[in-house]
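Work through the exercises below with the sequence and the model at hand. Each task is followed by a worked solution.

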Amino acid sequence: MVDRANDGILEERRTSIFCNSKQSGCELKCEKDSLAGSVSQRACVYCGARVVLNPITDAFHIVHGPIGCASYTWDIRGSLTSGPETFRNSFSTDLREDDIIFGGEKKLEKAIDEICAQYSPKVIFIYATCIVGVIGDDIEAVCKNAEARHGIRVIPVKSSGFAGNKSMGYKAAGKALMKLMDGPKQIKNEKEDNKNFNINFLGDFNLAGEIWITTGYLKQMGIEINARFTGDSRCEEIMKAPEASLNIVQCAGSMTSLAKEMEEKYGIPYIKVSFFGLEDIRHSLMSIAEYTKDPDIIERTEKLIFIEELKVQAELRKYSSRLEGKKAAIYVGGGFKAISLIKQFADLGIRTVMVGTQTGRKDEYDIIREIAEEGTVILDDTNPAELEKFIKEKGADILVGGVKERPLAYKLGVAFCDHNHERKHPLCGYEGAVNFAKEIDMTINSPVWRYV
Amino acid sequence: MLDYTPKEYSKREALSINPAKTCQPVGAMYAALGVNKCLPHSHGSQGCCSFHRMFLTRNFRDPIMASTSSFTEGSAVFGGGSNLKTSIKNVFSIYNPDILAVHTTCLSETIGDDMNSLISGTQIPDGKIVIHANTPSYQGSHITGFSNMVKGFIKYLAANTKTPNGKLNVIPGFVNPADMREIKRLLKAMGVPFTMFPDTSGVIDAPMTGKFEMYPAGGTKVDDIKDLGNSEATLALGSFASAEGAYDLEKKCKVPAKILKTPIGVKATDDFLMAVAKLTGKEIPAEIEEERGQVVDIMVDCHYHYHGKKVALFGDPDLLLALTEFTISMGMIPKYVVTGTPGDSFEKEIKAMMEEAGIDGKVKALGDLFTLQQWMKEEPVDLLMGGTHGKYIARAEDVPFVRIGFPILDRSVHSYMPITGYKGALRIIELISNALLDRQERDCADEDLELIM
């Protein structure tokens with residue numbers, strides 16, 4: 001696998017690092033807890049739940065716990081809204097010492113009442129943080145009583161931080177969403193023959209307005225959007241999500257478990273999509289179109305792909321001529337994005353020399369191994385020491401990652417692209433592919449590196 | 001934008017909306033970063049560590065290194081002891097710091113991990129040190145966490161070995177590395193031997209070298225922390241972040257403590273320099289007097305830019321105590337002052353300053369930005385000053401905004417520019433003056449646009 005002599009790798013971490021070889025049957029360790037004492041780049045259950053649910057624009061999100069969990073996630077994602085701004089406020093019970101001793105249930109009840117007195121909420125999410133389970137607050141009971149008291153939906157999110165990693169938080173968010181869909185006013189999933197084909201879009205959080213681009217394509221194809229999970233969404237559309245004919249799932253890490261549950265419960269099948277990079281966009285749009293078996297839709301889709309690709313190809317070629325032969329390192333949250341990025345880099349003539357994820361699953365790592373070159377370093381739940389080691393060893397020119405990776409790359413004198421919460425322009429769809437190429441070119445070919 | 005705040009008050013006892021603080025551990029992490037070759041360690045779920053690193057990274061735009069005990073369900077039930085033991089073993093074998101500074105979290109505090117016995121029961125490699133601070137997130141704020149981590153280092157390390165070092169200890173408080181640099185520059189100019197602790201300069205404003213240094217050259221050296229007990233006196237700058245550490249040192253090592261405001265503005269900087277002069281017998285050199293004269297000169301030149309303007313201030317208590325004093329001395333009216341950190345003394349002190357200046361203003365500790373915005377709706381102000389989150393209010397209320405304090409997540413360079421000392425006073429004047437004038441020029445009619453302001 002990796003040369004072991006004093007290579008600065010923790011013994012326990014070795015099975016989470018892999019030097020790609022198509023022949024080797026070696027298994028990469030993933031979907032496991034982080035090692036204690038590691039400078040892990042991962043977050044917790046609460047973080048996972050919060051990032052999934054927070055983009056629901058008109059919901060009230062109350063964080064039940066000490067203030068930190070609320071402050072760190074206040075407007076954290078850069079999810080855009082076309083309407084309500086409720087979700088961009090930070091509501092919390094700010095638990096103090098007395099609440100820890102005597103329990104926080106009363107304070108939570110009161111906080112809910114205070115929101116109801118000030119606003120007219122339809123849905124409130126109550127996030128349980130680490131401490132809530134430990135002090136024994138029964139937030140389910142509090143939520144149930146509050147629903148009865150106010151005649152609204154009050155949904156508990158079981159997201160105590162210690163109960164696993166970020167992926168457990170995605171599951172907790174999925175459960176909360178199921179609960180919202182299963183409400184008393186549940187709309188029955190009546191698939192009448194004359195009902196229009198419509199879809200739910202799972203796993204786009206409308207960073208930099210991305211969901212507006214992709215839903216724009218779908219509309220052009222003649223596909224009706226029923227509900228968005230959760231970028232720019234409203235509570236009401238989530239509630240009528242069970243009506244949809246198909247779920248398309250982009251961020252597989254956060255949304256696959258929900259898609260499976262919706263399939264089981266409401267009989268909605270799902271397909272995986274990705275709108276990052278020309279190849280994946282083409283493939284995703286076509287598989288949605290083909291699913292409908294509607295020749296008009298298929299024709300419109302083919303036409304759309306043809307025209308849009310034509311529009312961007314010249315510009316992409318301009319950038320790839322400036323990027324040919326460069327080497328990229330990737331460290332992102334979930335597997336689906338890593339897969340798209342490897343392909344997208346290949347389109348630009350850039351080789352991926354290192355690729356890793358925080359919470360990738362085995363099936364995703366299998367695909368990564370399939371499409372990555374021989375010798376590419378593949379790693380799960382890594383830390384700064386390993387990132388530094390492999391970026392240097394492999395001579396990467398750019399790192400793609402999130403907020404904590406940025407200054408690390410810069411200190412190494414390596415270019416960086418934020419493909420996470422801090423993206424400032426859309427990276428999905430055709431215009432996103434151009435933005436991506438432009439950003440990579442800007443950062444790799446910036447004159448600033450001459451001063452390093 | 002965030003114009004979701006109604007003008008009408010309704011009773012609010014349980015609900016915090018849009019906080020003006022965060023929790024203890026991030027302050028503890030920041031303090032620990034100010035120690036040379038120290039790795040901060042978060043004893044709790046891995047999310048805490050990840051959030052704190054993210055928050056500090058966004059504020060300082062530098063890598064923030066810290067490890068975590070990565071609690072699981074098992075640790076929450078059986079205690080985090082084995083996680084800490086494993087962490088200590090792994091941290092020293094792979095990241096190899098000189099010292100590991102553990103801080104607790106709400107979780108490890110509530111399940112009752114006894115840090116003293118856990119640490120003393122763990123094998124620590126020769127020559128390495130592990131210290132801890134209790135930083136329950138449900139008490140105080142990030143400022144309390146900073147203070148507690150300072151106390152933790154002092155408790156574990158500082159000693160009076162009856163070998164006086166003739167030095168002055170300076171605890172700078174929760175300020176930017178640039179401020180620590182500025183305070184050190186003033187002390188050097190006075191020729192005072194000193195130890196600044198903690199000191200994040202050279203750690204999170206380290207230069208670009210093309211190499212990643214897990215432990216950059218800066219930070220207070222462990223030996224100097226041990227030696228704090230042999231100093232002549234301790235100056236604690238900022239009563240909320242620094243006083244308790246200084247008092248602990250006084251108790252433990254008989255080093256007299258003096259508590260001052262954070263040296264922001266002319267008077268607080270005067271007080272700081274006078275205290276240094278008095279404690280050390282050193283003179284204030286001409287070059288510093290010149291700097292003071294320049295500030296006063298500029299205050300005369302520009303006083304009509306901001307005189308009589310109403311300003312709303314929010315942020316950390318030590319910053320606000322000094323900034324309230326300074327803005328009053330500039331002829332401004334600090335109409336509203338809000339900190340998220342609890343503290344009756346804060347409200348009392350600010351009220352006293354307002355009363356003395358004849359200002360009919362409002363002050364709140366343990367407050368939030370929702371309250372501040374409601375006040376601003378009731379009676380508007382001309383300027384808002386505070387951390388990045390204020391920009392929502394500035395936009396909603398259409399008020400010019402000066403970013404100052406922590407956190408600033410949407411602008412850079414701020415952590416490289418001091419707001420302390422006379423140089424810092426100049427910068428604050430420039431920020432305030434420019435914000436007001438830019439606004440005036442943005443709004444005025446063409447014929448009112450003047451060349452000279």
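**Exercise 1.** Find how strand S3 (residues 91-92) of chain A is joined to S1(B), and name the bridge partner of A:Phe91.

Solution. Strands here are DSSP runs (E, at least two residues), helices are DSSP runs (H or I, at least four), and both are numbered from the N terminus. Two strands pair if DSSP finds at least two bridges between them. Two bridges link S3 of chain A to S1(B), and the strands run antiparallel. A:Phe91 has B:Ile17 as its bridge partner in S1(B).

The model is predicted: local features need pLDDT of at least 70, side-chain atom pairs count only at pLDDT 80 or more, and totals for chains, interfaces and linings use all residues. Residues are numbered from 1 along each chain as its sequence is written, while chains are lettered from A and ligands numbered from 1 in the order in which they are written.

**Exercise 2.** Describe the side of chain B that touches chain A.

Solution. Count contacts, taking two residues to be in contact if their C-beta atoms, placed from the backbone, lie within 7 Å. On this basis 60 residues of chain B meet 60 residues of chain A. Next, list the elements: those that each supply at least two residues from chain B include strand S1 (16-17), helix H2 (46-60) and helix H4 (81-95). Then sort by class: 27 residues are nonpolar, 24 polar and nine charged. Ala, Val, Leu, Ile, Met, Phe, Trp, Tyr, Cys and Pro count as nonpolar, Asp, Glu, Lys and Arg as charged, and the others, Gly among them, as polar.

**Exercise 3.** Check the span of helix H17 (residues 429-444) of chain A, and find what covers its buried residues.

Solution. The expected span is 1.5 Å times one less than the number of residues. For the 16 residues of H17(A) the expected span is 22 Å, and the end C-alpha atoms are 22 Å apart, so the two agree. A residue is buried if 20 or more other C-beta atoms lie within 10 Å of its own, exposed if 12 or fewer, and partly exposed in between, with C-beta atoms placed from the backbone. The buried residues of H17(A) include A:Tyr430, A:Phe436 and A:Ile440. Among the elements that cover them are helix H12 (295-323) and strand S14 (415-418) of chain A.

**Exercise 4.** Repeat the check for helix H17 (residues 421-443) of chain B.

Solution. H17(B) has 23 residues and reaches 33 Å from its first C-alpha to its last, close to the 33 Å expected. B:Tyr422 and B:Leu436 are among its buried residues. The packing partners of the buried residues include helix H8 (177-189) and strand S13 (383-386) of chain B.
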